Amino acid sequence: MTTIARRTHDLTVSRAPFVHATVVRAQDPTSARPGDDAVILPDGTIEGFVGGMCAENSVRTAALDALRDGKALLLRVLPDGAPAFPDTPGARVVVNPCHSGGALEIFLRPVLPVPVLGLVGDTPISAAVATLAAFLDFEVATSGDFSGATAVVVAGLGKGEQDAVRAALDAGVGHVALVASRKRGAAVLDELALSDAERARVRTPAGLEIGARSPQEIALSIMAEVVRALRVDGLAASSPAPSAALPQQAVDPVCGMTVLVGPDTPHVRIDGTDHWFCCPGCRDRHVAA
């Protein structure tokens with residue numbers, strides 16, 4: 001297993017979000033070669049190699065965008081005025097202002113933690129939900145700790161429901177599914193004295209109306225509603241811990257490249273204004289001018 005392959009495995013196991021970048025095409029002169037890869041972390045750190053300093057700046061910026069929307073991206077880093085690669089519909093194109101030239105195509109694949117489904121209850125319905133959720137690649141958590149959960153299904157059928165709903169809401173879970181009849185579910189929520197905002201996060205009766213009768217059919221309706229909340233309604237798939245704020249971005253005043261502001265970013269302060277650069281060369285030219 002290569003160093004980067006081992007690193008991606010460790011990050012996946014630890015449920016840490018990252019982007020896996022792979023060079024898929026390179027045009028001389030360039031220091032990167034097809035197959036070179038790296039991981040980009042949410043703070044902009046790059047581990048591995050996908051090109052020199054100018055390419056890295058473009059990769060960092062594009063990778064953070066991929067982390068935000070969860071969509072894979074083909075990045076084309078092309079030198080100004082050099083022969084271009086064939087057109088690739090849907091690719092993002094940036095111009096490399098560095099003198100080294102060369103062109104790259106880099107595939108950026110965001111790797112996000114799988115969504116966590118908190119599950120409460122020891123009933124045939126909860127068992128069916130656990131089986132279906134695992135099939136849908138959810139991580140099922142039954143510990144009662146809902147921190148980091150995307151959704152929580154309360155299927156105790158009268159046992160521990162109020163405590164579970166309250167704990168899920170306090171943990172910030174955006175979708176809480178309470179398995180109950182319409183009348184009993186409303187009574188449970190009334191006793192909790194929820195705010196309007198909290199009540200809007202609880203679905204009871206849980207699941208989409210499909211005429212479900214068996215535990216398996218009820219589980220199908222519940223998970224269909226959870227998936228719809230994720231894919232259609234924009235429910236966030238929470239990570240295990242709040243991520244650090246995304247790095248500040250700035251535009252290099254010399255070459256126009258977007259750069260991420262960090263401790264190692266070339267920088268100068270002139271007349272009270274901060275300027276950041278893609279490389280020391282741009283900084284030095286700016287200062288000289």
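This passage describes the nonpolar core, a helix pair and some salt bridges of a predicted model. Local features need pLDDT of at least 70 and side-chain atom pairs count only at pLDDT 80 or more, while totals for chains, interfaces and linings use all residues. Residues are numbered from 1 along each chain as its sequence is written, and side-chain values use heavy atoms, with hydrogens and water left out.

We can start inside. The largest nonpolar core (buried Ala, Val, Leu, Ile, Met, Phe, Trp, Tyr and Cys residues joined through side-chain atoms within 4.5 Å) holds 22 residues, and V59, I106 and L108 have the most contacts inside it. Helix α2 (53-69) and strand β6 (103-111) are among the elements giving two or more residues to this core; helices (H or I, at least four residues) and strands (E, at least two) are DSSP runs, numbered from the N terminus. The most, seven residues, come from α2.

Next comes the pairing of α4 and α5. E161, Q162, V165 and R166 in α4 meet R184, V188, L189, E191 and L192 in α5, where contact means heavy atoms within 4.5 Å.

A salt bridge (a side-chain nitrogen of Lys or Arg within 4 Å of a carboxyl oxygen of Asp or Glu) joins E161 to R184, with the closest N and O atoms 2.6 Å apart. Because E161 lies in α4 and R184 in α5, the pair ties together parts that are 23 residues apart in sequence. E161 is buried, at 5% relative accessible area, whereas R184 is partly exposed, at 30%; buried means under 20%, exposed over 50% and partly exposed in between (1.4 Å probe, protein chains only). Within α4, R166 and D170 lie four residues apart, about one turn of the helix, and their side chains form a salt bridge at 2.9 Å, N to O.
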